[in-house]
Amino acid sequence: MTAPSISAWQQLLAALESAWPSKQYLSVGVVVGCSGGADSVALLHALVQIQSQTSQRAGFVVTAHFNHGLRGRASEEDAEYVCQLARQLGSPFELENATRSTGDEASLREDRYAFFQRVLRKTGARYLALAHSADDNVETFLHRLMRGTGPGGLTGIPAFRPLTHDSDFVIARPLIGCRRDLIRSALLQQGLEWREDESNQDVRYTRNWIRNRLLPEIEVRYPSINEAVLRAIEGQQEWARCIATDVESLLQRRLLHRQPIRWSISDEDPDVVVIEACRRIWREQGWPMQAMTREHWQQLAELLAGRNRQILELPGKIRASRLDDQVELISVDPEP
C-alpha cells in the first residue's frame, strides 16, 4: 500500500517545527513581522495555528506591520489587509507609518527594525519572527559576494540572532530552510491569500535585480544554482563555527578596553581571525556594516597588525587610529 502523500502545508509545519521547536516559544510572546506577502502570511498562519493547538496559555502571537508608504494606495491596502488578517486570526495588531517615504534599502530596513523593537518592548514579547526563505538566503549570499565581502559575510542569513548585542530580544527566521515554491504551494492548498508587492519587480533595488534578472540568467547555464549556493552557505557556516574559538581567544588577548575600543597591536594572528573579531565588535557596537567591503576589513587588519597606516577612516563615520602600540576605534560624530 502506498503511503499517503504529505501536503505542502504539513511539510511547511514540519520544517518550521524542525527549525524552531514549538516548546521554545509556546510560553512566551512572538511578534511576527508581516508585510502581507506570501512568506510572512504563511509564517503568521502557521504560528497562530500552533499556538491555538496548545494548552499553554502564557504565549501569544502579535502581528506587526510597518508601512513604508512607498507605493501610495497600494501600501495602504497592504496595511489594511494585514490588519484584517490579524483580526481574523485573533492576533493583536501593531501598525506604524513611516515618517519618511524615501531612502535606500539600508535606511528602510533600519526604520523597520526600530519599529519591531518598539513593538517587542510594548508587548513584552521575546521573539521577533521574520519570514526569510531559502531563496532570500541565496540572494543575500550573491549580494554580499558581489560587494566583496569576506568569508564571514558568506555565511548567509542566520536562523537566530539577538536583535541587538545588548538585548534579550531574539530574531527567529524559522522558514530560512524553505523554498518559496513550497511556501506558496502550502498557502494555495489551504486556500489562503496574500498580497503581491509590485515593487518587488523594480530592479533599481539590488535584491530585486538579483532575483529577477541575475538568477534567471544564471539558471539558464546552471539550473541548480540555488542548491549550489545553499551548499556553499552550509560550508561557510561550518567554517564560522570552527573559527569562533580562535576569535574568542584573540579578543581575550588583544581587546584592552571597550569604551572606547582599544586593541593591542600584534602581527601574530591570521588576518582572517582578526577580521572576524572586528566584525563581532562592529555588531556589538551597533556600527553599520553594510558599507564595509572586504578591502575595508583588510585595511583594518593591517592596521591592527602594525602594518603601514596610522589613521583609517571607515564607512559609518568609524575612525581607527594608531596610538603607540595600540589602535583605538571610535565612532566620529558627523560634522554639523
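## A helix pair and a five-stranded sheet

Helix α8 lies across strands β7 and β8, and its direction makes an angle of about 95 degrees with β8. Welcome to this predicted model. Below is a short tour of what α8 packs against, followed by the sheet and another helix that lies across it.

**The helix pair**

- Two packed helices are described by how far apart their axes are and by the angle between those axes.
- Here, helix α5 (residues 134–146) and helix α8 (residues 225–254) have axes that come within 9 Å and cross at roughly 75 degrees.
- Because angles of 65 to 115 degrees count as roughly perpendicular, α5 is roughly perpendicular to α8.
- On the α5 side, the contact is made by A134, D135, N137, V138, F141 and L142, while α8 contributes N226, V229, L230, A232 and I233.
- Sorted by class, this contact of α5 with α8 has eight nonpolar, two polar and one charged residues.

**The sheet**

- Five strands form an open sheet in the order β7-β8-β11-β10-β9, and their pairing is antiparallel.
- At the edges sit β7 (255–258) and β9 (311–314), each pairing on one side only.
- From one strand to the next, the twist averages 15 degrees.
- Strands β8 (residues 261–264) and β11 (residues 326–331) run antiparallel and are joined by four bridges.
- If you would like a residue to look for, W263 has V327 in β11 as its bridge partner.

**Another helix on the sheet**

- Helix α10 (residues 294–304) lies across β8, β9, β10 (318–323) and β11.
- The direction of α10 is at about 155 degrees to β9.

Methods: Residues numbered from 1 in each chain as written. Predicted model: local features only at pLDDT ≥ 70, side-chain atom pairs only at ≥ 80, totals over all residues. Heavy atoms only, no water. Axes fitted to C-alpha atoms, helices over the stretch in contact; angles between N-to-C directions. Helix = DSSP H or I, 4+ residues; strand = E, 2+ residues; numbered from the N terminus. Parallel < 35°, antiparallel > 145°, perpendicular 65-115°, else oblique. Contact = heavy atoms within 4.5 Å. Nonpolar A, V, L, I, M, F, W, Y, C, P; charged D, E, K, R; others polar. Pairing = 2+ DSSP bridges.
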